[in-house]
Amino acid sequence: MNNNLFPPLALHYMIFTLFCILIAIPSSYCDDELYEACRNPHPFSCGGSVVLNLLYPFWGDGRRRECGKNEFELTCEDDLHPIINFPSQKFRVLDINTNDQTVTILRYDHNWDLTVCPERPAVSVNFNGFLSNYSSNVRNLSLFYNCTDKSPPGSNTYTCRQQGSEDRKGFYTIDDEPDYFPNLTNTCGNVTKVPILFTAALDKNKNEPQNDLEWLREILDMGLQVKYEAENRLCSACQSSAGICGSNYSNSGEFVCFCRDKPCPHTCPVMNGMHALPTLFLIHISLRCIYSNFSLV
């Protein structure tokens, strides 16, 4: 009998190993359900005029809650405004920048009629555990009003009605701009400091003083850019490991890193996204061994 007709024992072992590897391949290529659900931006449209791309920590309108953080849910109110609610505060969301963790918001109760000399307006933000600080693009707009006739005339002026009586002239300056009116506190009875989005002010102002009440109103309606805190460091580490940031709502909404094959507490394994390489390498070696054995018999 010709023993060469029967493969050696080593070849049987190689074939069995390859068979086991091939069975394991489908499971290694199955991406986790939440990884797939959360990996791409979710377009959020409200009223057709505002379209935001939601990524962690923001969710809502079909984007699963696990893809964000509970407090950062967006809703569409009256089919007009994207809305976010924080404790005791309600904001319209104008823009989101997840690269530098900022959100441009406008107080929902913001309604400042500049035809009436202003009291302190509801424009500023009460910072909490989720909104940490204004971005570097925010400055103070100083509004001087209830001024006397001796107040300097000219640029950066507006007119308002003082307590239902005659019209009074007011003035304004912006932090980091030239101080047009150094002694206004001596001739004006009140000053109100209001945070504004400075880059928007520059675009409108074009570095020239304005004498336009409507310009002031537009600047105030452009909202404020605020830094948000949603476990940003954990999210950065997760993303660096090729994971997707999210939350585990079976465990009190704790942060979780969705990896290709399963969720992990903080980061994905080093080989996440590359798990197919060892498998392909083993297949390659096994095939070469099988080929070598066949060539020997």
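**Exercise 1. Work out how Cys 235 and Cys 245 are placed and linked.**

Start with burial: Cys 235 and Cys 245 are both buried. Keep in mind that we're working on a predicted model here.

Next, check the sulfurs. They sit 2.1 Å apart, and a disulfide joins Cys 235 to Cys 245. The cut-off for that call is 2.5 Å.

Now find the two ends in the chain. Cys 235 belongs to helix α6 (residues 232-240), while Cys 245 lies in strand β13 (residues 244-248). The separation is 10 residues, and the pair counts as linking distant parts of the chain.

Last step, the handedness: the torsion about the S-S bond of Cys 235 and Cys 245 is about 100°, so this disulfide is right-handed.

**Exercise 2. Do the same for Cys 238 and Cys 257.**

The distance comes first again: the sulfur atoms of Cys 238 and Cys 257 are 2.1 Å apart, and the two form a disulfide.

Then the location. Cys 238 is in helix α6, and its partner Cys 257 is in strand β14 (residues 254-258), 19 residues apart.

For the twist, the S-S torsion of Cys 238 and Cys 257 comes out at about 85°, so we call the disulfide right-handed.

And burial? Cys 238 has a relative accessible area of 0%, so it's buried. Cys 257 is buried too, at 0% relative accessibility.

**Exercise 3. Decide whether the link of Cys 38 and Cys 67 is left-handed or right-handed, and place its ends.**

A disulfide joins Cys 38 to Cys 67, with an S to S distance of 2.0 Å. The angle about the S-S bond is -75°, and the link of Cys 38 and Cys 67 is left-handed.

As for the ends, Cys 38 is in helix α2 (residues 33-38), and Cys 67 is in the loop between β2 (50-54) and β3 (74-77). That puts them 29 residues apart, in distant parts of the chain.

Check accessibility to finish: Cys 38 is buried at 2% relative accessible area, and Cys 67 is buried at 1%.

**Exercise 4. Count the disulfides, then explain why Cys 264 counts as buried.**

The distance rule gives 5 disulfides; among them are the link of Cys 38 and Cys 67 and that of Cys 238 and Cys 257.

For Cys 264, take burial next. The cut-off for buried is under 20% relative accessible area. Cys 264 has 9% relative accessibility, so it counts as buried.

Technical notes. Residues are numbered from 1 along each chain as its sequence is written. This is a predicted model: local features need pLDDT of at least 70, side-chain atom pairs count only at pLDDT 80 or more; totals for chains, interfaces and linings use all residues. Side-chain values use heavy atoms; hydrogens and water are left out. Helices (H or I, at least four residues) and strands (E, at least two) are DSSP runs, numbered from the N terminus. Buried means under 20% relative accessible area, exposed over 50%, partly exposed in between (1.4 Å probe, protein chains only).
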